[in-house]
Amino acid sequence: HMPQTAGRGFGNIAGKVGLVVLALAMLGPWMLILPAPVLPTPAIVLGTQIYRWTDASRDEPVTADPNDKRSVIAQMFYPAAPGAKGAHSVYMDGLHALPAKVSVLPSFMLATFGRIDTHAIVNAPISPTRKWPVVMFSPGYGGPRAFYTGLAEGLAAKGYVVVTLDHPYESAVTELPDGRIAAAVDNFPANASHAEGDVWMAKQLDIRAADMRYALDQLRPEIIGADLATHLDLEHVGAIGHSLGGATAVVAMQRDARIRAAANVDGTPYGAMVGKPLDRPFLLLQSDYSETGHSDKFILGNQLIIQHDAAPAWRYEIRGAK
């Protein structure tokens, strides 16, 4: 989920992904009759709400329209009140108008995704038994929030309110507040040097971190309703992300005192975040170095973050994981 300048090993990964995609493409029509993917069933009943907000204070950096303001799309998963019933949320935005590719996948491979059961009841009342700690989640580069639904629901079932984000025009497909479907726009600078690529990635982190902080701003009664807002524990907010989303979580915590801890899943640090002291807990959860071939930028950057953290910091490497 990163451009090639993200570091050593990306080319190998991309090549392997390409071979898999090629093999699946040869299956062609057979893909259309396969059953829909099945997500793990949460241990408790979950509710969900989807929000499509416009941040009037920020221009949209991708589009040419000077009047276009930044959209932030968020989906909240949470423990539902006992006995809650109702329709389950759709798995993914824009299935009726997909671009040719979604992340690295040809769109025809998503033909069955409309039948995926998310298990989460739309607009269900939240469980009133306590205030629930909040997790803000940012996906990998190009990945829609939908691809992380199983993870979000697993966390919510353990007693969290999980807010997953789509970052418009970077996410493979996003439904904007006005109903338009926004596909990813590849504006990574052509023939960029590693240094130029790093600058571009740091700018993407700035946009994503601002999206996360804006979404956190919205978690108040006049925006999401008193029934939900009064059961959020905003004294205990964490940020988590995968790949570029993991780096986003760290940047957001650096810039927002409301975020009390951050977890980075396989994300490479960029820009001013590298070496900047932290004073709150940090977790690096990484795939197997021998499997993934993490870049020096990934290893050294995260090492500096851990070394400069005045609070507890951890690194876990999962053997055999990619």
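**Strands S10 to S13 and the helices across them**

Let's start with strand S10 (residues 232-242), which runs parallel to strand S11 (residues 259-265) and is joined to it by six bridges. This is a predicted model. One pair to look up is Ala239, whose bridge partner in S11 is Ala262. The chain passes between these strands by way of a helix: S10, helix H7 (residues 244-255) and S11 make up a β-α-β unit, and the unit is right-handed.

From S11 we can step across to strand S12 (residues 282-287). These two strands also pair in the parallel sense, over four bridges. Here Ala263 has Leu283 of S12 as its bridge partner.

Now let's widen the view to the sheet. Strands of a sheet pair through backbone hydrogen bonds, in either a parallel or an antiparallel way. In this model, nine strands form an open sheet with mixed pairing, and their order is S5-S1-S2-S7-S6-S10-S11-S12-S13. Strand S5 (120-122) and strand S13 (313-318) stand at the edges with a single partner strand each, so one side of each has no neighbour in the sheet. From one strand to the next, the twist averages 25°.

Next come the helices that lie across these strands. H7 lies across strand S6 (132-138), S10, S11 and S12, and its direction is at about 160° to S11. Helix H9 (residues 296-307) lies across S11, S12 and S13, running at about 160° to S12.

H7 also meets another helix. What angle do the axes of helix H4 (residues 194-217) and H7 make where they cross? They cross at roughly 65°, and the axes come within 8 Å. The crossing in which H4 passes H7 is right-handed. On the H4 side, the contact is made by Met201, Gln204, Leu205, Asp206, Arg208, Ala209, Met212 and Arg213. H7 contributes Leu244, Gly245, Ala247, Thr248, Val251, Ala252 and Arg255. Sorted by class, the contact of H4 with H7 holds eight nonpolar, three polar and four charged residues.

Taken together, H7 is a good place to return to when you turn the model: this helix belongs to the β-α-β unit with S10 and S11, lies across strands including S6 and S12, and makes the contact with H4.

Conventions
Residues numbered from 1 in each chain as written. Predicted model: local features only at pLDDT ≥ 70, side-chain atom pairs only at ≥ 80, totals over all residues. Heavy atoms only, no water. Pairing = 2+ DSSP bridges. Right-handed = clockwise from strand over helix to strand, strands pointing away. Axes fitted to C-alpha atoms, helices over the stretch in contact; angles between N-to-C directions. Contact = heavy atoms within 4.5 Å. Left-handed = near helix turned anticlockwise from the far one by under 90°. Nonpolar A, V, L, I, M, F, W, Y, C, P; charged D, E, K, R; others polar.
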